[in-house]
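Thanks for making the time today; I would like to walk through a few local features of one structure, starting with how some of its helices pack and then moving on to individual residues. Please have the sequence and the model open while I talk.

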Amino acid sequence: MNKNYYAILMAGGVGSRFWPVSTAEFPKQFHDMLGTGETLIQKTFTRLSQIIPKENILILTHEDYNSIVLEQLPMVKQEQIILEPVMRNTAPCILYASLKIKKQNPEAIMVVAPSDHWIEDEMQFCSNLQHAFDFCERDENLMTLGILPTFANTGYGYIEFDKLDSRPIKKVKQFREKPDYATARKFIQSRNYLWNAGIFVWSAKTVLKAYEEFQPVMYDHFMNGYEALNTEKEASFIKDNYPLAQNISVDYAILEKAQNVYVLPATFDWNDLGTWGSLYDKLPKDEQENAVVNASVYLENATNNIIRTEGKKLVVIDGLTDYIIVDKDDVLLIYPKNKEQDIKQIVSKLK
């Protein structure tokens, strides 16, 4: 196993669209959403450790989740957990983690991966990741893994590549924001657009060079504490300085500006598990297309629902179609699947 391979496992999100199971106190990456016996972060760590040494997998999360990470990943040492004092989107935390990695190993090649995605064919994932590592080891490239679209999804960003590029790894023309339905259909028909899965690969040297060029203020801000990184002085520097970093994604900050960005169309099945509907798509169904997790059910005239409870509760349903039914502690959610994007707003109103 290559000692220069590293991973930054992003585990700081709240996952509010999965309320009431996912909460600010215990977000979705720490839940067994698929009923497999493993939480999403456990599955992701296991998958990455097939190609990356376990000690080189760093978990980037909010300081509130430190104890949960240590409990769910007992093989991880405290120094592998990078703690954000506040949430600041992906550009600052990736810069922070990349500086720590470079200081530890200047020759590092890393993958940045969300901790809460579903990937079925792990052999293909490892093959794609190895291909990306090799590409970034050879030259100063910034890479992303793109997902072949299966329908006109308006909830994902898209990556446009050159139609005439016949190479396996393609030059990125531009990143496109989440489109409306008509635009998404055009993307699909064009056959040179991929979903942006938020999985990135690059060397520590290359990504830090990009930060220095395109985000000099942010780069200098973190470099002021470079000597403190990986020492007992790090926590104090981060507590004082991290909240001052700009709240911006790595896509906006770096990838949309750089010219050396490439994409590999992935050959594995992928789902971002961003909503109850996306989870429904990946769960086994009964004859009436109902997906059931942890519940005992008696169903009449019920179709295309997702039903999830705690503790094998008996759920009796008659006459519901296309609904999300979730029972968790003192909350019962009964909500139309076609309005699932509104759950995030409901949560903010309830607060």
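Helix α3, which covers residues 90–104, packs against helix α6, residues 204–214, at an angle of about 135°, and the two axes are 10 Å apart. I should say at once that this is a predicted model, so please hear every value in that light. With oblique taken to be whatever falls outside the roughly parallel, roughly antiparallel and roughly perpendicular ranges, and with roughly antiparallel beginning over 145 degrees, α3 and α6 are therefore oblique to each other. Their crossing is left-handed. On the α3 side the contact is made by Thr-90, Ala-91, Ile-94, Leu-95, Ser-98, Leu-99 and Lys-102, and on the α6 side by Ala-204, Val-207, Leu-208 and Tyr-211. Sorted by character, the residues of this contact between α3 and α6 comprise 8 nonpolar, 2 polar and 1 charged.

Staying with α6 for a moment, which of its residues are buried? They are Ala-204, Thr-206, Val-207, Leu-208, Ala-210 and Tyr-211. The buried residues of α6 pack against α3, but also against the strands β4 (109–114), β6 (142–147) and β9, and against the helices α7 (216–223) and α9 (250–255).

That brings me to the other helix pair, α3 with α7, whose axes come within 10 Å and cross at roughly 45°. This angle makes α3 oblique to α7, and the crossing of α3 and α7 is right-handed, whereas that of α3 and α6 is left-handed. Here α3 contributes Ala-91, Pro-92, Leu-95, Tyr-96 and Leu-99, while α7 contributes Met-218, Tyr-219, Phe-222 and Met-223. The residues of the contact between α3 and α7 divide into 9 nonpolar, with no polar and no charged residues.

Just ahead of α3 there is a backbone detail worth pausing on. Asn-89, in the loop between β3 (81–84) and α3, has a phi near 65°, which is a positive value in a residue other than glycine. With a relative accessibility of 38%, Asn-89 counts as partly exposed.

Let me turn next to strand β9, residues 193–203, which holds Asn-196. Is Asn-196 buried or exposed? Its relative accessible area is 16%, and since buried means under 20%, Asn-196 is buried. A polar atom of the Asn-196 side chain lies 3.1 Å from the backbone nitrogen of Gly-198. Once neighbours within four places in sequence are set aside, the contacts of Asn-196 are with Thr-144, Gly-157, Tyr-158, Ile-159, Phe-175 and Asp-251.

Now for the loop between β1 (5–10) and α1 (40–48), where we find Thr-39. Thr-39 is buried, with a relative accessible area of 9%, and, not counting residues up to four places away in sequence, Thr-39 touches Gln-29, Phe-30, His-31, Asp-32 and Gln-72. Pro-20 is also found in the loop between β1 and α1, and the peptide bond that joins Trp-19 to Pro-20 is cis, with omega about 10°.

Finally, consider the loop between α10 (276–282) and β12 (291–293), in which Lys-285 lies. What does the side chain of Lys-285 reach at 2.7 Å? It is the backbone oxygen of Tyr-280, and the Lys-285 side chain also reaches the backbone oxygen of Asp-281, at 3.5 Å. Leaving out neighbours within four places in sequence, Lys-285 is in contact with Tyr-280, Asn-290 and Ala-291. Lys-285 is partly exposed, its relative accessible area being 30%. Although Lys-285 and Asn-305 are 20 residues apart in sequence, their C-alpha atoms are 9.3 Å apart in space.

The loop between α10 and β12 also contains Glu-289, whose phi is near 65°, again a positive value in a residue other than glycine. Glu-289 counts as partly exposed, at 39% relative accessibility. I will stop there and take questions.

Note on methods. Residues numbered from 1 in each chain as written. Predicted model: local features only at pLDDT ≥ 70, side-chain atom pairs only at ≥ 80, totals over all residues. Heavy atoms only, no water. Axes fitted to C-alpha atoms, helices over the stretch in contact; angles between N-to-C directions. Helix = DSSP H or I, 4+ residues; strand = E, 2+ residues; numbered from the N terminus. Parallel < 35°, antiparallel > 145°, perpendicular 65-115°, else oblique. Left-handed = near helix turned anticlockwise from the far one by under 90°. Contact = heavy atoms within 4.5 Å. Nonpolar A, V, L, I, M, F, W, Y, C, P; charged D, E, K, R; others polar. Buried < 20%, exposed > 50% of the residue type's maximum accessible area, 1.4 Å probe, protein only. Polar contact = N/O pair within 3.5 Å; in protein donor to acceptor, adjacent residues only side chain to side chain.
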